[in-house]
Amino acid sequence: MSGGASTVERFMVFNDGMGTLAETNPALLRGWLQDVENELSLVLLDLTERLRAMHGDASAMGEALSRAALGGKLVRPRLMGAVVDAYGGSLNTEACRVSVALELLHTTLVVHDDVIDDDLTRRGRPNVAGEFAALHAQHSGQRIDHASGRTDAKGIAIIAGDLALATVFRLVHRAPLAVRDEVCELMDEALVASAVGEYLDVVHSWPGVRPSDADIRSAAHLKTAVYSFETPLVLGALFADAPAEHVAALRGAAWHMGEAYQIVDDVLGAFAHDTVLGREIASDLENHRETAVITAARTTTNWPRIEALRSSALNVHGIAQLRRELLASGARELAMARADALLTQAFTSLDEVGVPPQLRAEMNELMEAMLGRAR
């Protein structure tokens, strides 16, 4: 169902210009990623069939979710699997099922985030909302970006995302009894944190709101670091019964890694060509999001011109001007320097407690590859 490169191929080389990753216990982790994707495919097929049984047309939501969820980089299962393996745990069916729940949580949040940002593409192709906007256009004869079709498509995308989220908690409630409560609590915490982070991301862009650097960093942590880094690392530690001091270090490192990851996303959102990012790249600038790039730009002498541009109507020409000013300000370099410093902090803390070398190497290669997208 996923098409394109296989999980094994994506293990060797990440898509979207992320570069080649070092192999750490390649056979085991390749098999793990393949198991996760196979199980994810089956879970989504089951959801699609349940929708079809109720009404044939409704199966389109399950099919759109499948295209959104499958074929990705499986970053969160990879992190969870690396921790389980490093501490001598078992990459078994139960761990796989929880990892699938993690990936579906990611899908849920991506689908909803695209609705919030009014984006119709992801990974260089129509996202869930984009698919239904195209379907609306076929029925109505209107343009794919017509306001009424766009509104209806986003509504269906919200429903589809909710279905994915319901499936997440069906899966985690099937976790092994010995860890079920902890797994449910971690996933619930991840969802609430992501909701708060998304809320802050939107509110910080309102006219007259001037969030502090600490506010913006807190929003990035809640929106990204908790579910993408802290949750998979701690879940892996839970399944492998890792030492408490190592779990604490992994939590701390996740904070820094998540912020660095968000900085990369912000830099790509401001400057990347659409073939690199694979989605509508103007949304952060057009929606006046308070990103790491804007935070860096505020510290430069170019800020008055940047602020004036942000206060005007941002059409295509205005966005191009804003990008040029941001580049000239050095905000990109300042933001990336911050990301590098965060990774140094993360890995220093891991070294201090002596996490297994293969886990440290895997995490380091993963983050360096992610940062490489924006260099």
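Buried here means under 20% relative accessible area, exposed means over 50%, and partly exposed covers what falls in between (1.4 Å probe, protein chains only). Alanine 153 is a clear case of the buried class, at 1% relative accessibility. The model is predicted, so local features are taken at pLDDT of at least 70 and side-chain atom pairs at pLDDT 80 or more, while totals for chains, interfaces and linings use all residues. Residues are numbered from 1 along each chain as its sequence is written, and side-chain values use heavy atoms, with hydrogens and water left out.

On the overall fold, the protein has 17 helices and four strands; helices (H or I, at least four residues) and strands (E, at least two) are DSSP runs, numbered from the N terminus. The radius of gyration is 21 Å, close to the 21 Å from the globule rule for 375 residues, so the protein is as compact as a globular protein of that length. That radius is taken over C-alpha atoms, and the globule rule is 2.2 Å times the number of residues to the power 0.38. Along the principal axes, the C-alpha trace spans about 55 × 55 × 35 Å. Buried residues make up 53% of the 375.

Back to alanine 153, which sits in helix α7 (residues 147–172). Its C-alpha lies 4.9 Å from that of alanine 129, with the two positions 24 residues apart in sequence numbering. Phenylalanine 239, in helix α9, is buried too, at 17% relative accessibility. The C-alpha atoms of phenylalanine 239 and glycine 81 are 9.7 Å apart, and the sequence separation is 158 residues. Asparagine 127 belongs to the loop between β4 (125–126) and α6 (128–140) and counts as buried at 7%. Asparagine 127 and alanine 296 are 169 residues apart in sequence, and here the C-alpha to C-alpha distance is 30 Å.

Now for the charged pairs. A salt bridge is a side-chain nitrogen of Lys or Arg within 4 Å of a carboxyl oxygen of Asp or Glu, and the count by this rule is 20. One of these pairs arginine 210 with glutamate 307, at 4.0 Å from N to O. The two partners come from distant parts of the chain, 97 residues apart: arginine 210 is in the loop between α8 and α9 (213–240), and glutamate 307 is in helix α14 (residues 303–310). Arginine 210 is exposed at 51% relative accessibility, whereas glutamate 307 is partly exposed at 30%.

Helix α14 also supplies arginine 310, whose partner glutamate 290 lies in the loop between α12 (283–286) and α13 (292–297), so this pair ties together parts 20 residues apart in sequence. The N to O distance in this salt bridge is 3.4 Å, and both side-chain owners, glutamate 290 and arginine 310, are buried. Aspartate 351 and arginine 360 form a further salt bridge, with the closest N and O atoms 2.8 Å apart. Aspartate 351 is partly exposed at 43%, and arginine 360 is partly exposed at 24%. Salt bridges also join up into a network that links Asp113, Asp117, Glu198, Asp201, Lys223 and Arg289.

Some acidic residues gather on the surface instead: Asp181, Glu182, Glu185, Asp188 and Glu189 make up a patch of negative charge. Patches consist of residues with over 30% relative accessible area and no salt bridge, with like charges joined within 9 Å and nonpolar side chains (Val, Leu, Ile, Met, Phe, Trp, Tyr) within 5 Å. Lys and Arg count as positive and Asp and Glu as negative, leaving out His and the chain ends. Each charge is placed at NZ of Lys, CZ of Arg, CG of Asp or CD of Glu, and the areas come from the Shrake-Rupley method with a 1.4 Å probe, where for residues only the protein chains shown count as cover. Within the patch, glutamate 189 is found in helix α8 (residues 180–203) and is partly exposed, at 36% relative accessible area.

Two backbone oddments round things off. Aspartate 118 has a phi near 60°, a positive value in a residue other than glycine. Aspartate 118 falls in the loop between α5 (93–116) and β3 (121–122) and is partly exposed at 31%. Aspartate 241, in the loop between α9 and α10 (244–271), likewise has a positive phi, near 55°. At 68% relative accessibility, aspartate 241 counts as exposed.
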